[in-house]
Amino acid sequence: MSHLLEIRNLKITFGGLDALSGLDFHVDEGEIVSVIGPNGAGKTTFFNAITGMVEPADGDIIFEGDSIRGLEPHQVTGLGIARTFQNVRLFPNMTVLENIMVAQHCRTSQLVFGALLQTRAFKREEEEIRARAENVLGFFGSRLIGYRLEQPAFVLSYANRRRLEIARAMATQPRLLLLDEPVAGMNPMETAELTQLIGKLRTEWGFTIVMIEHDMRVVRDVSDRVVVLDHGIPIAHGSYDEVSTNPDVIEAYLGRPAERHA
Amino acid sequence: MSATMTSTSAATYRPRVSDQDWRRIATWGGLCALFLILVSLIGMPVGLDRRILIHPVLSLGYLSLLWIPLVLGYVVSKHVVLEGMAAPEPGARDLVTGLVTGAIGGVGLAVLLLGIDNFNIRDPLVNWSPQLLSLLTYERGLGFGAVACIAICAFLGLVGSSIHVVPATVRRVMSFAAYGLLLFSVLESAISDLSEGFRLEWLTDIMFAKRGGLTLISSVVLALLLGALSVVFGGRVKSATTRYRELEGLERQRASTILFVVVAALCIVLPLFLGTIMNELLANVGLFLLLALGLNIVVGLAGILDLGYVAFFAVGGYTTAVLTSADSPFFAPELHFGITLVIVVVIAGITGLVIGAPVIRMRGDYLAIVTLGFGEIIRLLFMSDWLKPYFGGAQGITNVPGVDLGFATIKGTDPRSVFYLVLVFCALAIYISWRLQVSRLGRAWMAIREDEQVAEAMGINTVNTKLLAFVVGAILASFSGAILVAKVGSVFPNSFMILVSIIILVVVIVGGMGNILGVIVGSFVLIGVLGGPRQPGLLQEFQTFKLLIYGALLVFMMLKRPEGLVPSARRSQELHQEEFLQDVWLKGEDHEAEEASEHAAETGPGGDEPPT
């Protein structure tokens, strides 16, 4: 069976710097894959390349059998890849509900005339958008619904902003979800809760997930496979246990062990 | 935390009168003097002296000076109360602060008088004139004038600072009376026009003096009446609006319907009782409102700063002129206005696409500059010799017929009919703005305004969506252009100066960006009172100073009230995030507490594992 997402020899350069040099990567339907690596390893650039926000210098990105290299970001989202951002980027002055509603843009079609004439199709679509939005927000329990629906996104607490961003990505109805440090800045309890939810994203919503994460406990708990990047090159690949004991990985994170003195 | 807050915020102390912040007083007093001299030297007092507000005592010219010590006296004695800090109790000290500030301003003015009396530098400063001197000295000699200036300014500073000191009811009564008097005297022409329509001339004859302005007696009566009104109605309007806001579902719908019917009835009935001048004024306001509503979609919703918006106004105007006028130089099909309108929409849409396509890929400042350029290019094209055979060059196209409705003709000579035509289109534009704002498209526009890159990553085709905003805005502007041309009966390139773009933008910003009601209020205040680029407003005397006032207003609004006169709730939250966050925090505490207890109950005593 072919992979859901396959990346071949991906190369991205910024000026003279190779952010990614010759990355091969694949995800199968229903997997949760973590991408880890020290700062500046090229993890976020990797996400940017998949979603069309940066143009690869070389290589190919294949999603469900078709190349998506060179597509505009909104086209990529339309095909079913959604992402969150490392430094939460909500639409701060839109309400929580609107943030989710607007994310369904590529799944809906009404334009000027529907809105002006208030056609039945327009009203039905608005109702569907709203219902779906509330459904998605309900995934996070009572945290984002009720009185929160009408609050502007900027009043939310940090953890809620992260949740809302995940909800927004879910609302685009993707097949592949790219989460960029989903638990960064959360406290241990919130982290534990979100770890569970990431599992549910697969079992209940059927998303395939690629996740960048620095919290190794989260990585251990949810991922089927782990890919380690360093300086734009994959240096290790396998289950969490295999990767965590790999000397190259330890070296990339901690540096070469010093000679032991007697 | 809240406990500490309540315990400390109540603490006040009574400062000694001599305990003054002299540096602050000197700064504001100096500013006061500077403002007074500046306003005097740009010629406002002399230029506006003819417009009398209250018959023997107050003209608009004097008012242009008098508000300065009043407002600065108010500002200088205002204290910022910091959370948890002991606040000084307002009292005698503040009065002295205001008094001294005003007096310093007065001294500045007195120095100006001395200067005018002794030196002659009229050559660069046109308004360094004997007229100014005689105006400011009340024609009673320099000594009297200087003393009077200082005394009056000091008194006004005192009055300004006393606003903090007097009890709230007195404050409300006073401000109601003052604003009311100002409104009545400024709106004199509108009121007398209206009273003529209702056959109530006798009332205005009593109220207003022959040479214009309220009579002294009637102004006192009015002030008392308004003060009494404020006691009776005080706070009711506010509670009514909050009640309206809190209504939900069906009740809200019913209230909105009633409101709509009342406003619509007023709009339809009122012009019947208004004279030519007022109807003309309303028609002008409507034309600019139409433009502002269009620009509001482009700037306020989609966040595209378009400085060349006048281009679409021009395209609408010229298309109409070419298609309807018999004197169109090249192609004169002399179509009916209705058919023309359809073609105008198409052509404006195409122009929007053509201008938009290259421009829309740019961001921020670049986009603003390029649109500015396109606005001028369109005007220069219509002006050029190259296109003269088609559009008549600088001579424009004349002899555009009015709108023939079968039973009546809408022409510029009958401003009432023009007003009704404009009203229809404004209603349409308001409907369009309102519906789009709460649709899929409106949300996409807002998302693009917030963060274009993320909007694109969330599946919005930003280029097409922004183009659509451009096109919708272009079509609304072209309507305005078409009506303008049908109203005036001719079209010239000079009607479409860059200034029009700027003024519409100021209307949108001052009124309140992204808010339909704000834009309506903005056009009434700016175009109705001050006047458009060529159209006089209620205060025709301001014609010379219009651009100065527009500029000053824009700067002031940007600094002090960036959300506009009537802000959308969203915009004011955005611009006053901190205060809003604080409110939410205070209000949200109960919610949070509930949630926390729920959460604790769910997770049970262990608390480690979240619920599954």
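**Exercise 1. Determine how confident the predictor is in chain B, and where its confidence falls below 50.**

Solution. Chain B has an average pLDDT of 85, and 91% of its residues score at least 70; pLDDT is the predictor's confidence in each residue, from 0 to 100. Over residues 1-9 of chain B the pLDDT is below 50, and this stretch has six contacts in the model beyond near neighbours in sequence. A contact requires the C-beta atoms of two residues, placed from the backbone, to lie within 7 Å. Residues 601-612 of chain B also stay under 50, with eight contacts beyond four places in sequence. Where pLDDT is low, the predicted coordinates should not be read in detail. For the complex, the predictor gives an ipTM of 0.92 and a pTM of 0.86.

This is a predicted model, in which local features need pLDDT of at least 70 and side-chain atom pairs count only at pLDDT 80 or more, while totals for chains, interfaces and linings use all residues. Residues are numbered from 1 along each chain as its sequence is written, and chains are lettered from A and ligands numbered from 1 in the order in which they are written.

**Exercise 2. Establish the strand order of the open four-stranded sheet in chain A, and explain what is particular to its edges.**

Solution. The order is β2-β1-β4-β5, with antiparallel pairing. Strands are DSSP runs of E with at least two residues, and helices are runs of H or I with at least four, numbered from the N terminus; two strands pair if DSSP finds at least two bridges between them. β2 (17-27) and β5 of chain A stand at the edges with a single partner strand each, so one side of each lacks a neighbour in the sheet.

Next, consider the pairings. Five bridges join β1 (residues 5-14) to β4 (residues 58-63) of chain A, and A:R8 has A:D60 as its bridge partner. β4(A) is joined to β5 (residues 66-67) by two bridges; A:F63 is partnered by A:D66, and A:I62 by A:S67. In the hairpin of β4(A) and β5(A), two residues lie between the strands, and A:E64 takes a positive phi near 50°.

**Exercise 3. Check the length of helix α7 (residues 188-203) of chain A and identify what covers its buried residues.**

Solution. At 1.5 Å a residue, counted for one less than the number of residues, the 16 residues of α7(A) should span 22 Å; the end C-alpha atoms are 23 Å apart, which agrees. Among the buried residues (20 or more other C-beta atoms within 10 Å of their own, placed from the backbone) are A:L194, A:I198 and A:L201. The cover includes β7 (176-180), β8 (208-212) and α8 (216-222) of chain A.

Methods
A residue is buried if 20 or more other C-beta atoms lie within 10 Å of its own, exposed if 12 or fewer, and partly exposed in between; C-beta atoms are placed from the backbone.
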